[in-house]
Amino acid sequence: MPLTEATLLVVDDEQAIRDSIVAYLEDSGYTVLEAENGQQALALYEKKSPDLIICDLRMPVMDGLSLLRRIMELTDEVPVIVVSGAGVMTDVVEALRLGASDYLMKPIVDLGVLEHSVERALERSFLVKENYRYRVELESRNQELQDHVDRLKLDLQAGRAVQQRLLPEFALTHDQYRISHQMVPSNYLSGDLVDYFQVIPGKLVFYMADVSGHGASSALITLLIKNQIDRLRDEMENDASDVVLIPAQVLRQINLELIRTQTGKHATMFYGVIDTEDNTLDYASAAHFPAPVLCTREVCRAIEPESLAVGLFDDATFENRRQKLDGFERLSVVSDGFLELLADVSLQEKEAHLLELGADPTHTMQHVLMQMTSEGKTRSASDDITVLTVERVK
């Protein structure tokens, strides 16, 4: 506030001196209270809470030093200017030791000197109060922020626990095939989704989705995709529809569902259905990258991404593909976060390296990911890392 809006308390037992000081300061715009001794001053202070006190040291009933002691016991935020006559410098030293902000010698010939001392003391006092207010406000905001972060952590942990329950708990083994996965999320919540299940004897379904972005919004889209496919699975089990076994139609429905949500999110997906009796793989790819690696006894090749990601255009089309699994060894599907673990410089080199890893008969990409995780190489990953492996059981 402006200095002249401050309330001052003048304490002096000499009426003439008190009157001259009060009149001068009131002419300067201050509100001025007055008292003739320390006892009256203390009562006024407790009632009116002045912003500054001008106090004579030698007074009857209660002197200036006693008043100063009592004031400092109550607060150290109110500046006190002591006024001392000649020959009592020991009292001035004691007053400064007790906390007085300034002192002036009597007689005060130029009251402008007193006004200047008042202004300086008020400026320092207001600055200290403002800094304290800012500090209290900052501490309060920091505490609110910390409380928010703590709540957010709990929410994220709860969300992460829910999301973990979306994932398969165990590997799926049926006839000659085994499907398993490994996931390393970059944060509490993941934008990657993987699942696999058997709907009817001889039909194994598996898929991977990689939602754009990170955090809670991407995790919610994984929940939506999972819910959509689970609904199709229920329809199959209730003999209402067999769409869950037709990869292209599944991607088409998920595409439309994401567009209807109007979240602006999209996802790449690879969806496959294995017929264990015919030894065939039906699949569809919604721009899934990097390309899944399919290995047979003779050769390993990449299944190149097709179509668009789901959630971009409502007229997007998706193609069903069929692959005979004669001589089948394994199929490795990874999210694009896996590429960050590879030290190769160019994307072409990373893709070639990925093909080499997929062709290694001694280690699946899951083993590679687990090894890199144990070595701490996944700690700084900025994206979720997921590996889905379909392999023939020996």
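**View 1. Lys 106 and its side-chain partners in the loop between β5 and α5.** In this predicted model, Lys 106 is placed in the loop that lies between β5 and α5, the helix of residues 111-164. The relative accessibility of Lys 106 is 18%, and because buried means under 20%, this residue counts as buried. The side chain of Lys 106 is joined to the side chain of Asp 12 by a polar contact of 3.1 Å, and a polar contact of 2.9 Å joins the side chain of Lys 106 to that of Asp 56.

**View 2. The open sheet and its edge strands.** The sheet is built from 5 strands, which follow one another in the order β2-β1-β3-β4-β5, and their pairing is parallel. At the edges stand β2, with residues 31-35, and β5, with residues 102-105; each of them has a single partner strand, so one side of each is left without a neighbour in the sheet. On average, and with direction ignored, neighbouring strands of this sheet are turned by 20° against each other.

**View 3. Strand β1 beside β2 and β3.** Strands of a sheet pair through backbone hydrogen bonds, and this pairing can be either parallel or antiparallel. Strand β1, which covers residues 7-11, is joined to β2 by 5 bridges, and these two strands run parallel. Along this pairing, Thr 7 stands opposite Thr 31 in β2, while Leu 8 has Val 32 of β2 as its bridge partner. Strand β1 is also joined to β3 by 4 bridges, again in a parallel arrangement, and here Val 10 stands opposite Ile 54 of β3.

**View 4. The two covered faces of β1.** In a regular strand the side chains alternate between the two faces of the sheet. On one side of β1 are Thr 7, Leu 9 and Val 11, and on the other are Leu 8 and Val 10; all of these residues are buried, and both faces of the strand are thus covered. Counted over the whole strand, 5 of the 5 residues of β1 are buried.

**View 5. The β-α-β unit of β1, α1 and β2, with the helices that pack on the sheet.** Together, β1, α1 and β2 make a β-α-β unit that is right-handed. As noted for View 3, β1 and β2 are joined by 5 bridges. Helix α1, formed by residues 15-27, packs on the sheet and touches β1, β2 and β3, the last of which spans residues 52-56, and the direction of this helix makes about 170° with that of β2. Helix α2, formed by residues 38-48, likewise packs on the sheet and touches β1, β2 and β3, and its direction makes about 140° with that of β2.

Technical notes
Residues numbered from 1 in each chain as written. Predicted model: local features only at pLDDT ≥ 70, side-chain atom pairs only at ≥ 80, totals over all residues. Heavy atoms only, no water. Pairing = 2+ DSSP bridges. Axes fitted to C-alpha atoms, helices over the stretch in contact; angles between N-to-C directions. Contact = heavy atoms within 4.5 Å. Buried < 20%, exposed > 50% of the residue type's maximum accessible area, 1.4 Å probe, protein only. Polar contact = N/O pair within 3.5 Å; in protein donor to acceptor, adjacent residues only side chain to side chain. Right-handed = clockwise from strand over helix to strand, strands pointing away.
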